[in-house]
Each structure stands twice: as C-alpha cells, then as structure tokens.
Amino acid sequence: MSLSLSVTSCAAVSALLVVCALHVEGTGQDSMFSEARAYEHFMGRWSRDLAPLLVRFAAVRDGQTVLDVGAGTGALSTAVAAAAPASRIIGIDPSGAYVAFAQAQHAKNGHVSFEVGDAQHMRFDTASFGHTLSLLVVNFIPDARKAVSEMRRVTKPKGTVAAAVWDYGEGMEMLRVFWDEAIALQPASDKKDERHMALCRRGELASLWREAGLQDVVEEPLTIATRFASFDDYWTPFLAKQGPAGAYVTSLSAEDREALRGRLRHRLLGDGPDRPLVLHARAWAVRGVVP
Ligand SMILES: C[S@@+](CC[C@H](N)C(=O)[O-])C[C@H]1O[C@@H](n2cnc3c(N)ncnc32)[C@H](O)[C@@H]1O
C-alpha cells in the first residue's frame with residue numbers, strides 16, 4: 001500500500017482498528033497502557049513537555065512525512081504538528097484505547113492520524129517516511145533491535161530515525177524517588193524497578209542505532225522540569241494503574257500502599273506542610289541518518 005493511500009484511508013482504518021488492540025507477546029502491557037486519560041495525567045503530561053525537545057533534536061523539517069512509533073496518547077505527533085504543520089504524520093501504537101484518544105485530539109487535522117500497530121512488524125512500504133521518531137517507547141518493545149531495523153527500513157535514504165528513553169536509573173527523579181522508596185519498603189520490588197529496563201543508560205541507544213546501520217549517530221540528554229502543584233498531584237496519578245509504577249502500586253495491599261505514600265511524602269516534603277514540588281526528568285535521545 002502506498003503512503004498516500006495509507007494517509008487518506010487512515011481515519012477509516014483507525015476506526016476499524018481501535019476496537020481491537022494488539023497483544024504484544026509476553027509483555028503484560030495490555031492493562032499497563034490501557035487508560036488514556038489516566039496515562040495523560042500520570043506520564044503523558046511530561047511526554048508533552050519532552051516531545052518538542054525531541055522534535056528539535058531530530059531536526060524535523062516541515063513538509064516531510066513523519067512516523068511516530070509507539071505514539072501512545074499522541075504527545076509526539078502533537079509536537080511535530082505544531083513544529084511542522086505541513087507534514088503528514090502517522091502514529092502507531094498497540095493500545096487501541098491510546099490510539100482512539102490520540103485520534104480524537106486530532107479529529108479536525110487531516111494531516112495527523114493514528115492506527116493500531118506494532119513497531120516490530122510495520123505495514124508501511126520501505127522508504128515511506130522522511131523522519132521516523134519514537135518517544136519513550138523502545139525500552140518497552142520486546143525485540144527493540146527488530147523495531148529499530150523496521151524504523152530504518154520505512155525511512156527514506158538521508159531521512160532521520162530518532163528516539164528518546166527516560167534515564168530511569170538516575171535522571172528521571174519522579175520515578176527514581178518512587179522506586180527508591182518502594183524498594184526500601186519491600187526489597188523484593190527491586191526486580192520491578194524501571195532502572196533495570198534496557199536502553200535507559202548513557203550510550204545504549206547510540207550502540208543500538210549504530211548496530212542498525214544508521215549513520216552520523218548522535219546521543220544527547222534532554223531534560224525537563226516536572227512541576228507538581230502539591231504532593232497529591234505527584235502521588236494520585238500512581239494509583240491509576242498506568243506504566244510499570246502504576247501496575248506496581250495496584251499490586252500492593254491497602255496497608256503497603258499507605259506506607260509507600262507516607263515514605264514518599266516524607267522523602268519529598270520532610271515533616272513540612274504540603275507545597276508545590278519541582279523535580280527533574282532526563283531522557284537520553286538518539287538520532288541517526290539512513291544511508
Ligand atoms: C511510556 S508509553 C509512551 C507513549 C508516548 N510515546 C508518549 O511519549 O507519551 C510507551 C508506549 O509504547 C507502546 N508500545 C509498547 N510496545 C510497543 C510496540 N511493540 N510497538 C509500538 N509501540 C509499543 C505502548 O502501548 C505505550 O503507548
């Protein structure tokens with residue numbers, strides 16, 4: 001199917017596909033990425049702040065066709081549409097609920113569409129896109145090598161392939177604080193700490209990009225401030241079951257959940273009264289050029 005056909009028929013394709021989400025084998029992600037509004041309040045709001053930095057880092061040129069891999073609720077596509085309004089943008093994601101949410105946000109923009117899809121097996125023709133981008137996704141893909149090779153395949157020669165992943169081990173303070181306190185409360189939860197995920201440490205994305213045969217590979221940190229109006233604004237989104245941290249909170253007994261809440265409040269506010277909080281969130285970003 002040619003890209004022009006794909007774009008014009010995308011609304012219809014999405015309408016058909018949103019009723020069924022893809023099951024990404026063995027990941028347990030079906031419920032972790034299932035509630036679009038909850039995700040927006042939990043992590044999507046930070047994706048929206050990070051996305052313009054990735055668009056700038058990837059040097060997206062207006063008028064190009066752009067693929068957003070693992071588009072989720074649409075933060076990156078929205079940033080591309082703002083920076084490059086003449087571009088055609090397609091977002092894919094296995095979560096039907098996220099695809100439906102993203103599509104509704106762009107219902108009036110014929111240049112932007114979303115559909116259910118898996119980065120490891122994309123339906124697009126070789127060399128279809130000027131830029132292929134992915135925000136905070138490649139660490140969740142079971143075969144990231146396959147996904148990056150697909151991203152390279154669907155991108156035109158001289159086009160860019162770029163991605164970013166939170167630095168869960170050090171630079172993503174909101175989640176670092178969360179997991180540090182979860183492990184202090186229950187040492188066995190260490191295995192669920194997102195810092196163990198692949199591709200979140202300095203140099204890992206760049207190695208993967210070079211392995212995939214991409215050229216002129218550059219990796220840089222991108223940092224945003226995560227501003228919370230109060231402790232509740234920090235804590236409550238963890239209760240909505242989204243992402244690995246939300247899934248972990250859901251697995252706790254009411255008593256342990258309250259103990260974790262108390263530890264986090266003390267870690268962030270000490271014995272003082274509630275107040276706004278500012279934490280920092282660093283992601284590693286990589287870009288490379290298709291030979
Ligand atoms: C942390 S969210 C990021 C979503 C969005 N890019 C953002 O920045 O808000 C991770 C996303 O990766 C998607 N995902 C997981 N496995 C995938 C795969 N095999 N192919 C494409 N996307 C995938 C999930 O459904 C989820 O929407």
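**Fold, ligand shell and local features of the predicted model**

The protein comprises eleven helices and seven strands, as seen in a model that is predicted. Of its 291 residues, 45% count as buried. Among contacts in the protein with a separation of 6 or more, 77% are accounted for by residues that lie 24 or more positions apart.

Strand β4, which spans residues 129–135, is largely enclosed by the rest of the structure, because seven of its seven residues are buried. This strand pairs with two others. With β1 (65–69), the pairing of β4 is in the parallel sense and extends over three bridges, and within this part of the structure Asp 68 stands opposite Leu 133 in β4. With β5 (155–166), the pairing of β4 is again in the parallel sense, here over six bridges, and Ser 134 is placed opposite Ala 163 in β5. The chain passes from β4 through α6 to β5, and the resulting β-α-β crossover is right-handed.

The ligand is surrounded by 25 residues, of which the closest are Ser 47, Gly 70, Gly 72, Ala 119 and Leu 135. By residue class, this shell divides into 15 nonpolar, eight polar and two charged residues. Two helices, α3 (36–57) and α4 (75–83), each supply at least two residues of the shell, and α3 gives the most, with three residues.

Helix α8, formed by residues 204–211, has Leu 205, Leu 208 and Trp 209 as its buried residues. These residues are on the same side of α8, because they cover an arc of only 100° around the axis. In general, an α-helix has 3.6 residues a turn, so residues three or four places apart point the same way. The buried residues of α8 pack against helix α6 (144–153) and against the strands β5 (155–166), β6 (215–228) and β7 (277–289). Just after α8, Gly 213 adopts a positive phi of about 85°.

Positive phi values also occur in residues other than glycine, and two such cases can be described. Ala 59, with phi near 50°, is one of them, and this residue is found in the loop between α3 and β1. Ala 59 is exposed, since 10 other C-beta atoms lie within 10 Å, and a residue counts as exposed when that number is 12 or fewer. The other case is Lys 158, for which phi is near 75° and whose place is in strand β5 rather than in a loop. Lys 158 likewise counts as exposed, because it has 10 C-beta neighbours inside 10 Å.

A further position of interest lies in the loop between α9 (231–235) and α10 (243–251), where Phe 238 is located. Although placed in a loop, Phe 238 is buried, because 23 other C-beta atoms lie within 10 Å, and 20 or more are required for a residue to count as buried. When its neighbours within four places in sequence are left aside, Phe 238 is in contact with Phe 178, Ala 245, Gly 246 and Val 249. Of these partners, Val 249 is eleven residues from Phe 238 along the chain, and the C-alpha atoms of the two residues are separated by 6.8 Å.

Terms used
Residues are numbered from 1 along each chain as its sequence is written. This is a predicted model: local features need pLDDT of at least 70, side-chain atom pairs count only at pLDDT 80 or more; totals for chains, interfaces and linings use all residues. A residue is near a molecule or strand if its C-beta atom, placed from the backbone, lies within 6 Å of it. Helices (H or I, at least four residues) and strands (E, at least two) are DSSP runs, numbered from the N terminus. Ala, Val, Leu, Ile, Met, Phe, Trp, Tyr, Cys and Pro count as nonpolar, Asp, Glu, Lys and Arg as charged, and the others, Gly among them, as polar. The arc is that of the directions from the helix axis to the C-beta atoms. Two residues are in contact if their C-beta atoms, placed from the backbone, lie within 7 Å. Two strands pair if DSSP finds at least two bridges between them. A crossover is right-handed if, with the strands pointing away from the viewer, the path from the first strand over the helix to the second runs clockwise.
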